[in-house]
Amino acid sequence: MTEELQKIKRDDLFAEWTKKIPESEIRRLLRNMTKYYFAGGLPGLLPLDVFSKIFSDLSEQIAAEIKTNEGYKKMLTFFNYGPTEGLPALRKTLAKRMVQREHLPLNPEEDWKNVIITTGSQQFLYLVLNVLINPGDVVLCTRPTYLGFVGPASILDARVITIPTDTDGIIPEYLEKAIDLSIKEFGKKPKLLYIIAYSDNPKGTTLPMKRKEAIWDIAETYDILILEDEAYKEMQFDRKPIYPLKAFDKENKRVIYGTSTSKEAAVFRLGYTYMPPAIGEQVIKAKGYQDLCTPSLTQELTRIYYENYIDDALKHIVGQYEERGKTMLRAIAEYMPENGIYTKPTGGFFVWWEDAANPEFNTKEFLEKVAIPNDLMYVPGQAFYPISGFDYLPERNELIKTRPATNGMRLSFSLLPPEDIEEGIKRLGTLLRQR
Ligand SMILES: Cc1ncc(COP(=O)(O)O)c(C=O)c1O
């Protein structure tokens with residue numbers, strides 16, 4: 001076959017989106033390891049002793065059960081396909097936690113039925129977009145934003161509009177103006193706003209209560225859905241109960257809430273959600289076609305962990321993440337160039353640093369030419385922009401074609417111990433100053 005023919009075949013073979021959308025920058029970077037690794041949001045502290053105990057206790061329990069006929073039958077069911085929406089026992093446990101820790105307005109006795117388990121919260125994002133978005137629909141998100149949201153949104157051909165953020169997260173005034181412009185220019189209001197209120201990825205910001213109230217009011221006024229992703233809600237340094245936007249949603253009609261267990265136990269690949277029932281129904285239908293069900297084994301392990309161990313395990317771990325975060329902030333203040341601005345996270349895994357004085361500085365180029373050869377890795381800011389879409393520009397009150405800023409970087413402090421964080425930031429700062 002000629003080369004030309006082969007090319008035509010290839011063009012016919014793959015769906016259009018595969019030609020437009022590259023592999024995620026983070027997945028690409030995860031293939032490399034460096035000594036000073038500030039790239040992926042990888043948990044560096046896990047309660048492995050607790051997990052090991054849960055595994056061996058469960059294994060003993062199964063061995064005891066299968067000795068009787070009845071127990072054997074019970075285990076046969078457990079080792080089989082489960083319900084697409086997840087095991088009831090886990091959904092009940094998580095419904096209780098969402099009330100205690102997150103103040104969600106639900107009645108665990110009844111509303112656990114609206115809790116849906118997903119295979120990672122990445123699946124939650126994909127499924128929700130999948131059931132809501134038609135090509136050309138408008139979705140709103142922060143600038144920069146989590147690429148696990150913008151990737152699926154672009155695959156589904158949504159029009160993504162990004163809204164500016166500062167060191168407190170999204171700026172509500174600009175959100176409202178962008179909604180008005182969407183109505184004016186595209187003839188439709190946005191379908192949803194994607195938001196991370198606690199320890200955002202990539203900037204590490206947490207929305208102050210006033211901003212959450214303003215966002216809620218805007219969503220109510222314009223009747224826009226909120227897609228809330230609180231993947232870092234268990235990783236809050238003060239460990240106080242939290243108030244996501246979902247806590248405002250007394251009637252369970254506006255906020256599609258989802259979270260992950262990955263930051264405390266990535267091995268389980270388990271996310272969970274609480275959303276308006278009509279949307280949940282469609283999500284379960286789509287999930288059925290995607291994975292049939294999330295593995296029952298990891299659901300049961302998660303249930304045991306959440307019912308008996310999580311708070312004690314996290315007390316210890318979250319304190320250490322806080323120390324890592326503080327070490328990174330101290331090292332940034334001491335070693336990074338003075339003209340940088342950076343966020344000061346109160347939870348989660350990330351600090352965002354940008355060279356405020358040099359908008360032309362290209363952190364991607366610097367990563368490849370300077371940082372990686374010096375055993376350093378971070379995620380360049382460009383990775384957190386949509387592949388195509390629009391930016392709301394406050395200076396001109398206009399929507400322009402999206403233009404990734406090149407001068408930012410996401411620095412993760414989750415993986416390395418404090419001494420390596422200190423040494424790595426010192427190296428990075430020295431190299432940046434030499435530039
Ligand atoms: C904001 C955010 N949402 C979702 C995810 C995906 O999480 P999961 O591992 O549960 O699929 C991540 C992972 O890093 C994340 O940072």
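In helix H14, the buried residues are Gln299, Leu301, Thr302, Ile304 and Tyr305. The structure discussed here is a predicted model. Within it, H14 covers residues 296–308, 13 in number, and its first and last C-alpha atoms lie 18 Å apart, close to the 18 Å expected at 1.5 Å a residue. The partners of its buried residues are spread over several elements: they pack against helix H4 (48–65), helix H6 (88–100), strand S2 (115–118), helix H12 (262–265) and helix H15 (310–335).

Helix H11 invites a similar look. This helix runs through residues 209–222, has 14 residues and reaches 20 Å from its first C-alpha to its last, close to the 20 Å expected at 1.5 Å a residue. Its buried residues are Lys212, Ile215 and Ala219. These residues sit on the same side of H11, because they cover an arc of only 65° around the axis. An α-helix has 3.6 residues a turn, so residues three or four places apart point the same way. The buried residues of H11 pack against helix H10 (172–186), strand S6 (192–195) and strand S7 (225–229). On the face turned away from the buried side, H11 carries the exposed residues Lys210, Glu220 and Thr221. Just after the helix, aspartate 223 takes a positive phi of about 55°.

Attention now turns to the ligand. Its surroundings comprise 13 residues, of which Gly120, Ser121, Gln122, Ser260 and Ser262 come nearest. Helix H8 (residues 120–132) provides the largest share of this shell, with 3 residues. Sorted by class, the shell holds 9 polar, 3 nonpolar and 1 charged residues.

Conventions. Residues numbered from 1 in each chain as written. Predicted model: local features only at pLDDT ≥ 70, side-chain atom pairs only at ≥ 80, totals over all residues. Near = placed C-beta within 6 Å. Helix = DSSP H or I, 4+ residues; strand = E, 2+ residues; numbered from the N terminus. Nonpolar A, V, L, I, M, F, W, Y, C, P; charged D, E, K, R; others polar. Expected span 1.5 Å × (residues − 1). Buried ≥ 20, exposed ≤ 12 C-beta atoms within 10 Å, placed from the backbone. Arc of directions from axis to C-beta. Contact = placed C-beta atoms within 7 Å.
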